[in-house]
Amino acid sequence: MIGLPEACLLFNILSFAVFAVDKKRAVDGGWRIPEWVLIVAAAAGAFGALCGMYFFNHKTSKPLFYIAVPLFLLMQIITMTVTFLAP
């Protein structure tokens, strides 16, 4: 059984990878990953998405991403804190 920390780590790795693949395809002129997929990936793994955004300089000028991804991260931090500190 996979626990919450393991799932969080997995989603963050996948989010980072999705941003990496989309940036590679953007540079190469290939088929792009739809923005809604990037947003869903960011909602699942916000830290990985944020790292991917700035590591690959990808989607950093789009308001949807530079506003939503940090908000997703804040929500995940609050959720994890409440989950692990709850009695």
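Ser15 lies in helix H1. The model is predicted. At 1% relative accessibility, Ser15 counts as buried, because buried means under 20%. Residues more distant in sequence than four places also touch Ser15. They are Ala41, Ala42, Gly45, Gly48 and Ala49.

Leu9 is found in helix H1 as well, which covers residues 4-28. The relative accessibility of Leu9 is 53%. Leu9 therefore counts as exposed, since the cut-off for exposed is over 50%. Gly48, one of the residues touched by Ser15, also serves as a reference point for Leu9. The C-alpha atoms of Leu9 and Gly48 are separated by 8.6 Å. Along the chain, Leu9 and Gly48 are 39 residues apart.

Helix H1 was next examined together with helix H4. Two packed helices are described by the angle between their axes and by the distance between those axes. Helix H4 spans residues 63-85. The axes of H1 and H4 come within 12 Å. They cross at roughly 170°. An angle over 145 degrees counts as roughly antiparallel, so H1 and H4 are roughly antiparallel to each other. On the H1 side, the contact is made by Leu4, Pro5, Cys8 and Phe19. On the H4 side, Phe65, Met80, Thr83 and Phe84 take part. Of the residues in this contact, seven are nonpolar and one is polar. None is charged.

Notes: Residues numbered from 1 in each chain as written. Predicted model: local features only at pLDDT ≥ 70, side-chain atom pairs only at ≥ 80, totals over all residues. Heavy atoms only, no water. Helix = DSSP H or I, 4+ residues; strand = E, 2+ residues; numbered from the N terminus. Buried < 20%, exposed > 50% of the residue type's maximum accessible area, 1.4 Å probe, protein only. Contact = heavy atoms within 4.5 Å. Axes fitted to C-alpha atoms, helices over the stretch in contact; angles between N-to-C directions. Parallel < 35°, antiparallel > 145°, perpendicular 65-115°, else oblique. Nonpolar A, V, L, I, M, F, W, Y, C, P; charged D, E, K, R; others polar.
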